[in-house]
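The following paragraphs guide a new reader through one structure, element by element. Please keep the sequence and the model in view while reading.

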Amino acid sequence: MTNPVPTQPRRRGTCPGVLAPMQVGDGFLLRVRVPTGVLPADHARRIAELGNRYGNGLIDLSHRGNLQLRGIPADALEPVTDALREMGYVSSDAASEAVRNVLCSPTAGLDPSALMDVRAAARTLDTRLAADTALHRLPPKFGWLVCGGGIGHLADSSTDVRFDAVDAERFRVSLGGSLAKAAPLGLCRAEDVADVASALGRAFLELRASLPEPPRRMAGLVAAIGIEPFATRLSPLISPPPPSGGGLGWGQVPHLMDVFGSAEPPHPNLLPGGEKGLIAGKVVAFPFGRLTAATLSALASACTEIRITPWRALILVGPSADAETVAHAHGAILSHTDRRLKLTACSGAGGCDVGTTDTHATALAIAERAGPLLDHVRMVHVSGCAKGCAHPAIADVTLTARDGVYDVALNAKPGDDSPHTGLSPADAVARVADLLTEESAGA
Ligand code: SF4
């Protein structure tokens, strides 16, 4: 038995962990940081069992490629933590756990069209972040990304420090944002990733401290002081950047989430993996990134390994012949054209004490009612309140709840002024369908 696990109430800007469980509307939420997002099937089964036995049986897939167990009561934190520690998913303390925000290409080692299998580099980075106590002062959401290119590339994922493969041995290092937006710093060798990360983390802490209002994220610091101070400090480990936009070789490769379930590959359990080959895996997505422990357990029995993606989807590696049937029976999304992929919602009344409506049910009702009207819509966002935790930015359709009713707005963000206010959930669903009908008629 271990010491009682300290807990934290929900606060904006904080991040939950196993050693920092966060109290939310349905009990404690534990975020399990899975190194490189690779979850052996037997671990997935055991984690599902923990969720079933101790939690409320709900599991979330985070945008950072982690699993979140929900609804854990205070007196179950200790046995759940002990079991996760036994599997190797718990750091030595909360500070070393909090800093391990490393996103790794979920198709690493599976995709012949990738430039590099980045699992070793990502694992080394994860270990260094946990061990290097000087980096434990980094802000809670400070993140890292290691991308090998190919079909599972992370070009659109925004983070603080990016390592994007340019060939089988080197990464392009860039700071603050998506691949297109991050400021390029230069090239580093794969074996230097941990040293570069350590130096960059220290530089961030030192340089931000020199400002009267220290930015909490790398993009803000680069905007304030430019890239030069980093380049100077990192010069022994970094060589000059490649010509802008060149060298990554990803342009012709389709993205996993744009093609899964769409092609007719020669074998039902193979995904198109670019020009060079196929990935032995099946992608299964879940509305809002939410699945049940029973679903995770069933999927684990239908494959040898599970990869957690940042796209609310899992990759079943080595899927059994009935994997698709199992996933379908558990309500998984099996095609990139499934309209439920367009839905975004926070946990709402079911999982947040601020929420007053069942955001997931409302969003699913919109998909059902609007049907083909959603085909030209990129995102429908149902937010439990004006905070907009799931998507604080503009969406094509945004519903903002307050006191059990919704405000509905087009091309707006949560909390924006709306001409359609105070609608019951059923009326809000109908209003969305009407508005989309008017839009399509006027298009
Ligand atoms: S947006 Fe949703 S999750 Fe965030 S505080 Fe509001 S109700 Fe809670």
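P140 counts as partly exposed because 16 C-beta neighbours lie inside 10 Å, a number below the 20 that a buried residue needs and above the 12 at which a residue is still exposed. The model that shows this is a predicted one. P140 is found in the loop between helix 4 (119–131) and strand 8 (144–147). Its C-alpha atom is separated by 9.4 Å from that of P16, although P140 and P16 are 124 residues apart along the chain.

The chain may next be viewed by its domains. The domain assignment gives domain 1 (115–148 + 156–249), domain 2 (256–329) and domain 3 (339–442). Between the C-alpha centres of domain 2 and domain 3 there is a distance of 28 Å.

T159 offers a second point of reference, and it is found in strand 9. T159 is buried, because 28 other C-beta atoms lie within 10 Å, and 20 or more suffice for that class. Leaving aside neighbours within four places in sequence, T159 is in contact with L103, G143, W144 and L145. T159 and K141 are 18 residues apart in sequence, and their C-alpha atoms are 9.1 Å apart in space.

Strand 9 (159–165) also belongs to the surroundings of helix 6: what covers the buried residues of helix 6 includes this strand together with strand 10 (170–177), strand 11 (183–189) and helix 5 (193–209). Which residues of helix 6 (residues 218–225) are buried? They are M218, L221 and V222. Seen down the axis of helix 6, these buried residues fall within an arc of 100 degrees, so they line one face of the helix. Helix 6 is followed by G226, and the phi of G226 is positive, near 85 degrees.

A similar reading can be made for helix 9. The buried residues of helix 9 (residues 293–300) are A293, T295, L296, L299 and A300. Down the axis of helix 9, the buried residues fall within an arc of 160 degrees, and therefore they line one face of the helix.

Helix 12 deserves a fuller account. This helix (residues 425–442) has 18 residues, and it reaches 26 Å from its first C-alpha to its last, close to the 26 Å expected at 1.5 Å a residue. Its buried residues are P425, A428, V429, V432 and L436. Viewed down the axis of helix 12, they fall within an arc of 100 degrees, so they line one face of the helix. These buried residues pack against helix 11 (359–370), strand 19 (395–402), strand 20 (405–412) and strand 21 (420–423). The face of helix 12 turned away from the buried side carries the exposed residues A426, T437, E438, A441 and G442.

Two residues of this helix may be examined singly. T437, which lies in helix 12, is exposed because 12 other C-beta atoms lie within 10 Å, and a residue with 12 or fewer falls in that class. T437 and A131 are 306 residues apart in sequence and 56 Å apart in space, C-alpha to C-alpha. R431 also has its place in helix 12; with 17 other C-beta atoms within 10 Å, R431 is partly exposed. Not counting residues up to four places away in sequence, R431 touches V408, H420 and L423. The C-alpha atoms of R431 and G371 are separated by 14 Å, the two residues being 60 residues apart along the chain.

Backbone angles draw attention to two further residues. Phi of T36 is near 60 degrees, a positive value in a residue other than glycine. T36 lies in the loop between strand 3 (27–32) and strand 4 (38–40). Is T36 buried or exposed? T36 is buried, since 24 other C-beta atoms lie within 10 Å. D403 likewise has a positive phi, near 50 degrees, in a residue other than glycine, and the place of D403 is in the loop between strand 19 and strand 20. D403 is exposed, because 8 other C-beta atoms lie within 10 Å.

The account ends at the ligand. The residues around the ligand are C346, S347, G348, C352, V354, G355, S383, G384, C385, K387, G388 and C389. The residues of this shell divide into five nonpolar, six polar and one charged.

Terms used
Residues numbered from 1 in each chain as written. Predicted model: local features only at pLDDT ≥ 70, side-chain atom pairs only at ≥ 80, totals over all residues. Helix = DSSP H or I, 4+ residues; strand = E, 2+ residues; numbered from the N terminus. Expected span 1.5 Å × (residues − 1). Arc of directions from axis to C-beta. Contact = placed C-beta atoms within 7 Å. Domains from an automatic or database assignment. Near = placed C-beta within 6 Å. Nonpolar A, V, L, I, M, F, W, Y, C, P; charged D, E, K, R; others polar.
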